[in-house]
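Colleague: Please take me through this structure and explain the terms as they arise.

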Amino acid sequence: MYQGNAMRLQRLDGGIIELVFDRQGDAINKLDATTIRELGEATRIIAAAAGVAGLLVSSAKDAFVVGADITEFGETFRLPMPELAAHVARSNLVLTAFEDLDVPSVMAINGYALGGGLELALSGSIRVMSDTARIGLPEVSLGLLPGLGGTSRLPRVAGAAVALDWITGGKPSGAQAALEAGVADRTSPPQALRETALAVLGDAIAGRIDWRAAQQRKRRPLTMESTERKALFDTALAKVRKASPKHQPAAAAAVQLLAEAATLDRAGALHAEAQAFANIAKTQAAGALVQTFLSGQSVKKLVKQHARTARPVKQLAVLGAGIMGGGIAYTSALGGTPVLLKDIAQEQLELGIGEAGKLLAKQVRNGRKTQEQADAILASIHPQLDEAGFDAAELVIEAVVENIGVKRKVLSDLETKIRADAVIASNTSSLLIDDIARGLARPENFVGMHFFNPVPAMPLVEIVRGSRSTDAAVSTAVTFAAAMGKTPIVVKDCPGFLVNRLLAAYVRAFLKLLADGADFECIDRVMEDFGWPMGPAYLQDVIGMDTGCHAVEIVFGGYPERMPPLDDNALKLMVRHRRLGQKNGIGFYRYDAAHGSKPRRSAAPDTHDLLAQLSGGRRIELTDAEIVERMMLPMLIEAAHALEDGVVATPAELDMALLLGVGFPTYLGGILKYADSLGLRQIVGRADALAAFGPAYVPTAGMRDMAARGATYY
């Protein structure tokens, strides 16, 4: 009957037509412009065909329709707002025409039906889900709203409370939860999905299911008393405003849209949705979150490329059972790779294994693992005081003390006890890989794997390529980090690598502000309002003042032209006065650990007097915008230097590293996406205006060239 690129129509017995989503040349079905156009064509063919009794909608792929094609968003979102709203409305006319077919339709949902995939399924009369399928409307995770009728159809299918939960939460649901919520009408074992769906369709055709009433409910306003409606939506709005991340308005906008559309018929509700979608798509958060998704996909593709040249790692060995080494061993075992964990101290081994046991016990309590699974994972970590069995390891990760002499000695000895083709990775955060590699017999097999603390929780691993590291060694480290569930980013060997280098520029800007007489509490408030999870003073307290001071001083030393040493600075001053932060209860703030496991922060008024030594008692008053500029521009300029220096290959990798490594404000999408949102011409102008504050505010030649051309990083 019809054969397109994304779907086909075929006749079955009994007057049934089957619409099969089967995108040619792709492993998945997605709701892109081609699919929408072909759905409109197929709908017109079905409407005009004679003798049609019912419609079965299925997928020939492992999933139904995974969602919209997000790669199309960039071009679409650049449309002026009225044109964008009209574009959304035109797409919705296709689903409305499908919904208005004068025959029952059963959507046989296998695999995933997310976003537009679920919105498509909601336009059908009846939904039958495979027991293993998952459905949902995750648009808020991209800073968006459903735009193909989800806010109109879901509340009329399953009720306003379900719609609020699913749309503002954004999490997918399994078949049983969907059935209980009223989104699915029937569930089925995967192997019987088609048979079940056809049987349900037969019941609808025979009049045993009132499919017309189901479709008619989607055309009318919600049947709710005004007081009940107001209470439900007011409560939901207060809840999402409290829970939503800073500067991400999508969830609150969704509640407001649902409240408005509740009293409208289908046409009015869909019109309101198109307008609201266009409005939210123009926000900074939406643009940034969509770019973050695309950047994440780009990084995943790079990881797959590394897998082609990586050596399989069936046995890992870890040197050092401290906080980092123990965390690496636990995460490796959790991912299915057995670990030999060596330390020179039995107490450290016991501490490392004990911590792994606690983490596994938590997994059991949370229902993520059975006790048998947890026991097997713990048993796959073998603590030992020697290198027995190391000759079987394809990868050895060194996580001993951050001292170059110790590392060189340990690694030189290690080389004599492992196989010649084994890859050695140092979990260093501050030492150059090439410096550590001096004296190694096989420096080509040596790389850096910079894990972030705490290892089980932090998703980023910087894979550091030394000047003599081979592609195979780098790819092995990349692929293994991915197997651990981490996001690996390959970086060039340089002081601070990538994340700590950029963070040091940010910290130095903070230290300079304090030296000029700015209030640290005011800076913390402004930067937390800006979107950082914690302000710079609080961050240093959490890291530990001595640790943070040591780390930034190493990076400052690596870039003296842009980060010249300060005669004195707040971190050094704090360390001299033994104000180390949370670890000893006093830093910029005071901490009381008596109220639970997380220390409670309180003001420390004497900090102001202490810091006055740096500014000579001078106090300066800055606007919030001035503080943001003083703090963010050095980091942004250093990011441009790093990209131009080839520390990372792409803006996407740089931005993903910051988002995953230090909690860079999510709604900005990364430092380079933030630069694009400001505009390079604006950035260069503001940096030049702040040139008196030092070389950290001098834009790169590349930035000036981009500003002149009106170029962007994305």
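Colleague: What makes the residues of strand β14 (residues 395–398) buried, and which way do they point?

Modeller: Buried means under 20% relative accessible area with a 1.4 Å probe and protein chains only, over 50% being exposed and the range in between partly exposed. Leu-395, Ile-397, Val-396 and Glu-398 are all buried; the former two point one way and the latter two the other way. The model is predicted: local features need pLDDT of at least 70, side-chain atom pairs count only at pLDDT 80 or more, and totals for chains, interfaces and linings use all residues. Residues are numbered from 1 along each chain as its sequence is written, and side-chain values use heavy atoms, leaving out hydrogens and water.

Colleague: How do you know that β14 pairs with strand β15 (residues 423–426)?

Modeller: Pairing requires that DSSP finds at least two bridges between two strands. β14 and β15 have four, in the parallel sense, and Glu-398 stands opposite Ser-426. Strands here are DSSP runs of E, at least two residues, and helices runs of H or I, at least four, numbered from the N terminus.

Colleague: Why is the pair of Phe-530 and Tyr-667 called edge-to-face?

Modeller: Rings of Phe, Tyr and Trp (its six-membered ring) pair if their centres lie within 6.5 Å; planes under 30 degrees apart count as stacked, over 60 as edge-to-face and the rest as tilted. By this rule there are 13 aromatic pairs. The centres of Phe-530 and Tyr-667 are 6.3 Å apart and the planes stand at 70°, so this pair is edge-to-face. Both residues are buried.
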